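Take a walk through this assembly, one chain at a time. Keep the sequence and the 3D view side by side as you read.

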Amino acid sequence: MGSITLRQVRKSFGPVEVIPGVDLDISDGEFVVFVGPSGCGKSTLLRLIAGLEDVTAGQILIDGQDVTHAAPSKRRLAMVFQSYALYPHMTVRKNIAFPLKMAGLPPAEQDARVGQAAGILNLTPYLDRRPGQLSGGQRQRVAIGRAIVREPAAFLFDEPLSNLDAALRVNMRVEISQLHKKLATTMVYVTHDQVEAMTMADKIVVLQAGRIEQVGSPLDLYNRPANRFVAGFIGSPNMNFVEGEAAARLGAHAIGVRPEHWQLSTSAGALQGTVGVAEHLGSDTFLHVGLDGGTPIVVRAPGEVPVHHGDRIWLTPQDGRIYRFDAQGMAL
Amino acid sequence: MARTVTPARKLTFTLLAWGVGLLIFFPILWTVLTSFKTEGDAVASPPRFLFFDWTLENYAAVQERSPYVRHFLNSIAIALGSTLLGLAVAVPAAWSMAFQPAKRTRDVLIWMLSTKMMPAVGVLIPIYLLFRDLGLLDTRSGVIVVLMLMNLPIIVWMLYTYFREIPAEILEAARMDGAGLWHEIRHVLLPMALPGIASTMLLNIILAWNEAFWTLNLTTSKAAPLTAFIASYSSPEGLFYAKLSAASTMAIAPIVIMGWFSQKQLVRGLTFGAVK
Amino acid sequence: MATRHQRGLARLMVAPSVVLLLGWMIVPLAMTLWFSFQSYNLLSPGTEQFIGLMNYRFFLSDPAFWAALTNTLLIVGGVLVITVGGGVLLALLIDQPMWGQGIVRILVIAPFFIMPTVSALVWKNMFLNPVNGLFAWIAKLLGAQPVDFLAQYPLASIIGIVAWQWLPFATLILLTALQSLDSEQMEAAEMDGAGAWAKFTHLTLPHLSRPITVVVLIETIFLLSVFAEILVTTNGGPGYQSTNLTYLVYSQALLQFDVGGASAGGIVAVILANIVAIFLMRLIGRTLD
């Protein structure tokens, strides 16, 4: 069991308030991703849950039990750090066994559990190596192994993939998702990469300046962003915003259209512009268009589109795919 | 640099550097050679460099003058004792300053270093009188405590610079893995910092072994380490060069050898991490 | 960054070091200050009395004090010039490509590990002695009159001995710094057409400025209180020619048993060291970052 509840959790470092007050419910078995730009307080929030920092005010409950003032070791949580934080002087086997040793498990039991974890993570051939002799992906697996042997109430991941190269990152993303399906344990995952958030999460928590901007499933956030920040943060490439007359016509301060929701035409449409750069990827074509008013727009068209630098084109938003925002940035 | 070096150039520098190196090392070499001469050969003119009657009699004679073994043991006790005591006090302090720095940590570190600046003579008299009244004059424990206090700032500083290289995330990982403070220090911090702790020990043993203000002023015979024992040769009695050399060789050999092995760490330790 | 519990524990763990050092600094210093206002001689116990600044007046008007002050500064300055200058040259030399670099390093560093009493006695007897010393023999070889160094040039001799002990230190630190000089930077400078001299003045010297500062700082700490070398070679003499402040205070306290006067001297030495220290700590503080 591993439900986590935050009630009015606040955190200040001296006079600086990093988290002005967060309420959040994470149910047992859920995969929750905290996402936001760097400095938004997502890592701090994770560390508060871990107990590595203490809260300035508010309550943290795990399975209904108040752990606000409990030491990290008493919270039944396991954490995977950005740098993996492996113990360099211990072999992989000892690294993975360390939490079990601290828990005072008998050696035979430790061995059995380490063997099992190593099996799941394909680490069996490396058990007697030291972290320094492993590749980045292998270290990552050891860190995960060290987390799973304890059978914790929940896993905490702090940007675990940011030190891996692009290809490996995609693999590990899938592996972590599969692990979650297999273990069905609560996972709280921090990242600044919205693609990771979209692909892995059951529930995404978007944070900015220590505040929760929106909580919801990936498609909720994609289809119904609560405000301009979430709309701009979720989805890749980012949503295009157009202000001024075009927006006023729809009764909004600004309108947002995702790159994949434009219709292209060389003859007629709602807005006209000039193609700056055309990126032909084969599967998609990305057009960087400067509207006649000066607003830059990114368009994603499926397949191969015969448009090139300097071409004049017309753009029309697809029906029902226009997001409207008021002057405060809230969705209308 | 990858550029090729002409053999002539290399040879020139080799000869020059070896020449200068041998010149600087010569007094030590000469001392060691003299320790194997008879007293007559030691003062012979012209000096005899290698062709003399090699003898070990001086090493035996040194023990007769004053129990050399006792002074040697005193040196070991004082150097090791003050270093271990210092480590015991400094490890927790350095841990806390490296991983839980407060606003004042930097000031505390600088202040600690500044205590090294206080000239020993400024406190010689009270320490001497206190020691006299407490019966600590000429005792090992007295000297150990004073040298520990002398070197404590250096020990704290060195450990601090080594500890700071350990990523805080690893200690946090230990905490998440269920380790309490003791296990965190015992299983993670100390093993990871072991090379640093070893070089800290080494440097402090060297400093304590060679310390020659407090050891000369606070000991007379019973607790006198080798520094004080050697000083007793400053009032010569007859022919004594060979014996002085033998005593000197024995006094410096262990520490010179230790020093050679710890050159690299020495730089770092003596510059408080400013030069690595 | 951590929890309150951890921070509390951390403060507790610094406490022993701080308390010990504070005690070591404050208690004896306060006692020295107290004694310095007393007429207090160990030979006539029971006659202690408060005499205000009399000890300071005596100490500061004593020609021995001015001689000792000058000698202290000469020792610090002389040794610094020799070791830093010689250290730069030696470090540059050893950094050149050669055979047996490691062994040369070992030869050069060795004097640093020699205990002061040993090096002073070896130099005094086996090198500087006007009858049996090696220098006397060399002088005779050259047809010159042997010099009694410790009688005729006591201070210079002591500076020489101390410089021999500290030259390795400067060399080792400067060499370590030289070896950390970025070779890409050097290659870039070569591409830019810099000659050997230009590379030395524009890259090497600026790179060495920080380690040189460090060497000066650390040597100064130790050189201000040179003691054993004087004790076993000249006993401060002839006259006060080789007496420094440390030795002067020692002789007043433990040879003349004048606790009051020696304490005043001790306080003067502390003040002098503090003037140097304030300036040094600033520099060290900057090298911390």
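Which residue in β8(A) does V33(A) stand opposite? The residue is Y189(A). Keep in mind that this is a predicted model.

V33(A) is a good place to start. It belongs to strand β3 of chain A, residues 31-35. This strand pairs with strand β8 of chain A, residues 186-191. The two run parallel, and five bridges join them. β3(A) also pairs with strand β9 of chain A, residues 203-208. That pairing is parallel too, over four bridges. Here V33(A) stands opposite I204(A).

Is β3(A) enclosed or in the open? Five of its five residues are buried, so the strand is largely enclosed by the rest of the structure. Both of its faces are covered. On one side sit F31(A), V33(A) and V35(A). On the other sit V32(A) and F34(A).

Chain A also holds an open sheet of four strands. Read across it, and the order is β2-β1-β4-β5. The pairing is antiparallel. At the edges are β2, residues 16-26, and β5, residues 65-66, each of which pairs on one side only. Now look at strand β1, residues 4-13, and strand β4, residues 57-62, of chain A. Five bridges connect them. One place to find the match is R7(A), whose bridge partner in β4(A) is Q59(A).

Step back to chain A as a whole. It is divided into two parts: domain 1 covers 4-227, and domain 2 covers 237-325. Their C-alpha centres lie 39 Å apart.

Next, move to the contacts between chains. Chain B touches chain A through 15 residues, which meet 18 residues of chain A. On the chain B side, α8 (168-176) and α9 (181-210) each supply at least two residues. α8(B) gives the most, with six residues. By type, this side of chain B divides into eight nonpolar, three polar and four charged residues.

Now turn to the other partner of chain B. Here 81 residues of chain B are in contact with 86 residues of chain C. Which helix of chain B provides the largest share of its side? Helix α1 of chain B, residues 7-34, does so with 16 residues. The side of chain B that touches chain C has 61 nonpolar residues, 18 polar ones and two charged ones.

Finish in chain C, with two helices. Helix α9 of chain C runs over residues 183-191. Of its nine residues, the number buried is zero, so the helix lies largely in the open. Just after α9(C) comes G193(C), with a positive phi of about 90°.

Helix α10 of chain C covers residues 196-223. How far does it span between its end C-alpha atoms? The span is only 35 Å, while a straight helix of 28 residues would reach 40 Å at 1.5 Å a residue. Look at S209(C), where α10(C) bends by about 40°. A proline, P211(C), follows within four residues. P211(C) is also one of the buried residues of α10(C). Others on that list include L208(C), V214(C), V215(C) and L217(C). I218(C), E219(C) and L223(C) are buried as well. In general, an α-helix has 3.6 residues a turn, so residues three or four places apart point the same way.

How values were computed: Residues are numbered from 1 along each chain as its sequence is written. Chains are lettered from A and ligands numbered from 1 in the order in which they are written. This is a predicted model: local features need pLDDT of at least 70, side-chain atom pairs count only at pLDDT 80 or more; totals for chains, interfaces and linings use all residues. Two residues are in contact if their C-beta atoms, placed from the backbone, lie within 7 Å. Ala, Val, Leu, Ile, Met, Phe, Trp, Tyr, Cys and Pro count as nonpolar, Asp, Glu, Lys and Arg as charged, and the others, Gly among them, as polar. The expected span of a helix is 1.5 Å times one less than its number of residues. The bend at a residue is the angle between axes fitted to the seven residues ending there and the seven starting there. A residue is buried if 20 or more other C-beta atoms lie within 10 Å of its own, exposed if 12 or fewer, and partly exposed in between; C-beta atoms are placed from the backbone. Two strands pair if DSSP finds at least two bridges between them. Domain bounds come from an automatic or database domain assignment.
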